Amino acid sequence: MLFLLGAALLHAGATDLYLRYVKAGLRPLLLAAGAVLIVTALATAWYERRRAGGGHGEGHAHPEPRVSWLLILPLLALILVAPPALGSYSATRTGTALQEPLAYPSLSAADPLPLSVVDYAGRAVYDHGRTLAGRTVRLTGFVALDHDGTPYLVRMALNCCAADAQPVKVGLTGHIPPVLQPDTWLAVTGGYTPRTVRDPVNGGPIPFLEVTDARPVPTPRDPYDESWNN
Amino acid sequence: MAIVEEAPPTGERTPQSPEAKRLTSPLVLTMLLLLMVLLQSPIRRALSAPVMQSWTTVFVAVVVQALPFLVLGVLLSAAIAVYVPPSFFARALPSRPALAVPVAGMAGAVLPGCECASVPVAGALVRRGVTPAAALAFLLSAPAINPIVLTATAVAFPRNPEMVLARFVASLVAACTMGWLWQRLGRTDWLRLPAHAPHEGETRGAAFWDSVRHDVMHAGGFLVVGAMAAATLKAVAPQSWLRTAADNPALAVLTLAVLAVVLSICSEADAFVAASLTQFSLTARLAFLVVGPMIDLKLFAMQAGTFGRGFALRFAPATFALAIASAVLTGWVLL
């Protein structure tokens with residue numbers, strides 16, 4: 001059982017699966033914990049065999065407490081289901097977590113300019129788009145629809161694990177594809193527009209983007225934005 | 001062509017002891033896993049609703065995030081239990097319990113990690129003869145005042161560096177008060193440490209790994225209980241009611257304190273969440289930061305497992321109230 005749990009942790013850490021749940025910085029810890037669990041399982045088995053070989057044959061002194069059977073649940077969830085990263089359901093129920101950036105570093109000259117959703121939203125709301133004027137930007141995020149149908153491009157920002165993930169939202173206006181399926185990942189190209197709304201959940205500001213082109217893209221390797229914790 | 005030679009039945013298979021009649025845990029485990037693999041697709045279908053999906057994601061995330069810290073704490077506690085002689089603590093801590101409490105509280109600063117690590121370590125300390133009051137002060141202060149958490153707080157509140165000092169002071173005060181309170185009012189029969197098999201007669205290696213295995217299985221099970229509760233609340237409770245609470249100062253403090261208990265966020269990350277709750281006052285957010293590492297759903301489950309249910313039921317509400325009081329006082333003076 002410990003062996004399986006350790007192996008599952010190692011598997012999640014060795015592949016990119018772990019990025020759905022925790023931040024990238026936890027990877028070495030995950031791998032170490034998985035290794036320790038496997039060593040524990042092996043050590044238990046070894047001592048058990050030696051004890052049995054010693055001829056005492058009294059079995060094991062204290063069996064596992066019953067509550068440890070619950071450890072099987074996350075194990076099954078991780079092996080069989082491998083739940084996806086948080087998507088539009090959580091995004092529409094949680095208010096935007098946008099905060100004022102500390103500074104506005106100058107942008108590269110690339111055209112269209114790749115920007116993160118958090119970076120764009122910060123510049124659009126708190127710098128009133130001064131650094132964005134006349135630029136074509138490209139944002140990547142997933143689609144979430146408000147209850148009145150307003151489409152947002154969302155990226156979940158993560159500090160430690162998915163339990164503390166919070167969405168940052170950018171409203172879409174202009175040439176939006178006619179049919180938008182929630183949770184599809186889009187690379188959206190467009191320009192700054194001064195329009196903002198208040199998030200109905202917590203009253204946080206949501207800037208808009210004047211879309212000129214939107215293309216579906218595969219889910220990125222790390223579905224969360226981790227720029228906050230470095 | 002194939003000549004199958006029937007192997008004569010060997011004596012190994014015949015049950016010799018009554019134990020063989022019981023379902024052994026590896027057998028049950030194998031059967032359960034097989035069953036789950038067979039039922040894979042109906043389970044997946046049941047979990048594909050958005051509520052269930054986000055529930056499973058948060059649940060797995062809490063467990064995956066906490067396990068490395070739990071393993072670290074368990075290794076440390078096993079090392080204490082096996083390799084550190086009890087006389088060491090008798091020399092290291094002042095003999096008067098009233099003095100040992102603040103010393104142990106400050107010692108919490110050196111355990112860098114999440115709150116999940118401190119529960120097994122505190123359990124091992126009590127078992128090793130440290131006064132419970134001092135061990136409890138350590139349990140409460142370690143996750144809140146270690147350098148990693150304080151750095152994260154400084155990063156999350158770049159415009160309010162006084163938050164770091166306030167968090168340090170308020171957490172330490174609450175932890176020490178709780179320790180002294182236990183010393184005055186606490187009764188040892190509330191503490192029910194699960195009996196550990198006596199380690200005499202075993203080699204040190206065997207005792208070490210035995211302790212690691214037992215603690216991971218035990219605390220891990222309770223961690224799962226706490227993670228399930230936290231995931232349920234995160235997936236089901238609406239966030240919009242937070243807005244109305246933010247306007248009333250007293251209600252705001254209470255709301256964020258309850259939220260800290262319910263969300264069960266790792267103490268290394270809670271500062272970022274607190275920073276994003278911009279509609280609340282700084283004092284209310286300080287309460288969030290002080291309460292969260294000391295008591296939350298997953299910690300309550302783990303404490304109930306490590307120290308006994310009667311202890312956790314008395315300890316948790318007292319900690320909750322004291323942490324809020326300490327946060328409000330500190331916020332009033334410093335912020």
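Two residues count as in contact here if their C-beta atoms, placed from the backbone, lie within 7 Å. Keep that cut-off in mind as we walk through this predicted model, starting with one helix of chain A.

Helix 5 of chain A spans residues 117-126, and nine of its ten residues are buried, so the rest of the structure largely encloses it. The buried ones are A:Val117, A:Val118, A:Asp119, A:Tyr120, A:Ala121, A:Gly122, A:Arg123, A:Ala124 and A:Val125. What covers them? The cover includes five strands of chain A: strand 2 (136-145), strand 3 (151-157), strand 4 (166-174), strand 5 (185-198) and strand 6 (205-216). Following helix 5 of chain A, you will find A:His128, which has a positive phi, near 50 degrees.

Now step back to the whole of chain A. Its five helices and six strands come in the order α-α-α-α-β-α-β-β-β-β-β along the sequence. Of its 230 residues, 43% are buried. If you take the contacts in chain A between residues at least 6 apart in sequence, 72% of them join residues at least 24 apart.

Chain B is built from helices: there are 16 of them, and zero strands. Buried residues account for 52% of the 335 residues in this chain. For contacts in chain B with a separation of 6 or more, 85% are between residues 24 or more positions apart.

Where do the two chains meet? Chain A and chain B each bring 59 residues to the contact. On the side of chain B that touches chain A, the elements giving two or more residues are helix 1 (25-38), helix 2 (40-46), helix 3 (50-83), helix 10 (204-236), helix 11 (241-245) and helix 13 (270-276) of chain B. Helix 3 of chain B supplies the largest share of that side, 18 residues. By residue type, this side of chain B has 38 nonpolar, 15 polar and six charged residues.

Let us finish inside the structure. The largest nonpolar core holds 170 residues, and those with the most contacts inside it are B:Val62, B:Leu70, B:Ala137, B:Leu256, B:Ala287, B:Val290 and B:Val291. Helix 3 of chain B gives the most to this core, with 19 residues. The core also draws at least three residues from each of domain 1 (2-81) and domain 2 (88-229) of chain A. For a closer look, try B:Leu70: beyond its neighbours within four places in sequence, B:Leu70 is in contact with B:Cys116, B:Ala117, B:Val216, B:Ala219, B:Gly220 and B:Leu223.

Methods
Residues numbered from 1 in each chain as written. Chains lettered and ligands numbered in written order. Predicted model: local features only at pLDDT ≥ 70, side-chain atom pairs only at ≥ 80, totals over all residues. Helix = DSSP H or I, 4+ residues; strand = E, 2+ residues; numbered from the N terminus. Nonpolar A, V, L, I, M, F, W, Y, C, P; charged D, E, K, R; others polar. Core = buried A, V, L, I, M, F, W, Y, C linked by C-beta atoms within 7 Å. Buried ≥ 20, exposed ≤ 12 C-beta atoms within 10 Å, placed from the backbone. Domains from an automatic or database assignment.
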